[in-house]
Amino acid sequence: MKKAIKSLLASTLLAVSVSAAAETKVGYIYVGPKSDYGYNYAQDQGRLYLEENMDDVETLYFENIPENADVQRVMERMIRSGVEVIFPTSYGYLDHALKVAEKYPDVRFAHSGGLKTSDNLMTYFAEIDQAMYLAGIAAGMTTKTDKLGFIAAHPIPQVLRNINAFNRGARSVNPDVTTAVIWTSGWSDPSKESEAASALIDDGADVLTGHVDSPINYVQVAEERGVYSVGYHADASKFAPKGWLTGAIWNWGPMMVGIVKSTQDGTFKPQHLRGDLLTNAAQLSDFGDAVSDEAIAEVTDRQRMIREGDYQVWAGPIFDQDGTVLVAEGETMTLEETEKMDFLVEGVIGRLR
Amino acid sequence: MELITTEILALLFAALRSATPVLAVVLGEIMTQRSGIINLGVEGQMLVGAMTGFAVTATTGDPWLGVLAACGAGMLLSLVHAALVLGCQANQIASGVAVMILGGGLSAFYGIPYVGEKINSFGSFKGSAVADLPVIGEFLAALTPTILVTLVSIPLISIFLYRTIAGLHWRSVGESAGITRNLGHSPVPYQFAAIVFGGLMSGFAGAALAVDYTSNWVEYMTSGRGLVAVGLVIVARWNPWYALPAALLFGVSESLNLRLQSWCVDISPYLLATLPYLIPLVVLMLSFRGLKAGGGGMPKGLKAVFQGN
């Protein structure tokens, strides 16, 4: 009897350890709250997609982790609890992740947006400026004043790419369009963002978009003042049932599934994985009622061309604000050049420095 | 010409909108400092008010309940400052900083479930009966409830402070708690009331920001406006009537920072971003030039806080 119980116990233990071995534990670290309706929200949607689409994966996450040595402690805590794959999702986590990665060579890291790798650390990101370009087309065909407004946090390459892409998209269908930029000097300052939105509308802008942590503020002001809005990071259409056009949003799920699978079957490579409209890692949200059928057709058509490689967002000629040629006709900016962008294009109103 | 008038009017309304939360804090802090107590914790009290106001509005659907709850939350947190300063004789600056950090952390933590929620706020008076009033109707229509409440509180506070016996005691406590004591009054009830009133006003200011102005809650959304308000108390010379121009100074500079950019004025955005701090500083220096040391209306009781005697 005793023996029977022992073997029963042993087999149960075995069963537990087998199922534990089959489960891959994946850890996520966010710099802000996962419900910020912006960058972190989008990353967390990727985590939920991963849980839904892979049976053998268990996820856990930490929110509001600052970009300092704290994040190293969080990663080590995750590793001690059995996490094998870590997604440090904020730009400033990169160097900390590299340090922890060196200490734990068996753990895999996938950092969001970085430009460094090590043996067990890769990066992933997506060219969301392609989606901003398409949203610009919708904005250019909707505006009646030919004035668009852009609320921007800081003049870093990622933000400049979005401003320029949005403006170029709009001008590709409506050459009279200008895009006025207001810098708020902060990723999240609701009061300034609302006031910047009011200022742009007072100056005649009738489509607003932006690149700050969350689109909620400017989208709400636009709706209240009866103008249109284009979202960024995440779908904020519920805040503007009347004026919402579309939004450039992230779709990290499929990419994250691919990364986790590569860690399971041993194909993980320390690479810079970049998604785009084709892989759907960056995409347009659903269109709002305010977008005309004509505009939808134009956007859809251009989206197909970009996906099939027949059209490049950063193909020349590209002019700077005073009309000087930056990229000649027939040339196209490389990915590396766009990731270091430091100019505003013709048609953008605002100063860089 | 008409265009310029519209632009200037738009700028003034923008200034009033962004000045209102700061103005409410300035008024509360003037009352606190008039009793000889300085409270740097207003920043944290504002955040707790903003979070509570937003959460209650999101849950109940009633922005007025949200504003009331925000006032209560600001008062509750200010009790910490009152307990430390009046109960334990703690250093006022240290206690204020503690309250500021506590409020930031508490509001960030308890506010997490409300980030990204949509609330139904007041909206402006456009289209309501108020807008049909003669002469002032058009002006009022551009305002929102918290702006009006804050503006109305200026004369009320001034009347209390300068025209009532309680106000006289309040001011004399701030000038010299010792003399008040010799006259047979305890300064503590006045100082307690002054701290809690500051809590009420900064909680209200938080609601003005989160419930009325932006209809949004984001952690640390005050971005230092509470501390700016403490500085503006000096610009306002501890006088509630001067609180409005002092707060407007900040409001105008902040709106100018954003509007000059959209007017394509050829100044670096980095320099423009310093306007909300540079302009009040310059005005402070100019307006205090030639005043004797300790002038400018500072309650004498505050000297002890700064000079340690």
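Q: What radius of gyration does chain A have, set against a compact globule with 353 residues?
A: Let's start with overall shape, keeping in mind that this is a predicted model. A compact globule with 353 residues would have a radius of gyration near 20 Å. The value for chain A agrees with that: 23 Å.

Q: About what spans does the C-alpha trace of chain A have along its principal axes?
A: The trace is laid along the principal axes of chain A, giving one span for each. These spans are about 85 × 40 × 40 Å.

Q: How many helices and strands does chain A have?
A: Both kinds of element appear in the secondary structure of chain A. The count comes to 11 helices and 15 strands.

Q: What percentage of the residues of chain A count as buried?
A: A residue is buried when its relative accessible area is under 20%. Of the 353 residues in chain A, the share that counts as buried is 55%.

Q: How far apart are the centres of the positive and negative side chains in chain A?
A: Chain A carries 31 positive side chains and 50 negative ones. Each set has its own centre, and the distance between the two centres is 9 Å.

Q: Is B:H81 buried or exposed?
A: Now for a residue in chain B: B:H81 sits in helix α3, which covers residues 63–87. Beyond residues up to four places away in sequence, B:H81 touches several others, including B:I37, B:L86 and B:I195. Its relative accessibility is 0%, and buried means under 20%. Therefore B:H81 counts as buried.

Definitions and conventions. Residues numbered from 1 in each chain as written. Chains lettered and ligands numbered in written order. Predicted model: local features only at pLDDT ≥ 70, side-chain atom pairs only at ≥ 80, totals over all residues. Heavy atoms only, no water. Helix = DSSP H or I, 4+ residues; strand = E, 2+ residues; numbered from the N terminus. Rg over C-alpha atoms; globule rule 2.2 N^0.38 Å. Buried < 20%, exposed > 50% of the residue type's maximum accessible area, 1.4 Å probe, protein only. Lys, Arg positive; Asp, Glu negative; His and termini not counted. Charge placed at Lys NZ, Arg CZ, Asp CG, Glu CD. Contact = heavy atoms within 4.5 Å.
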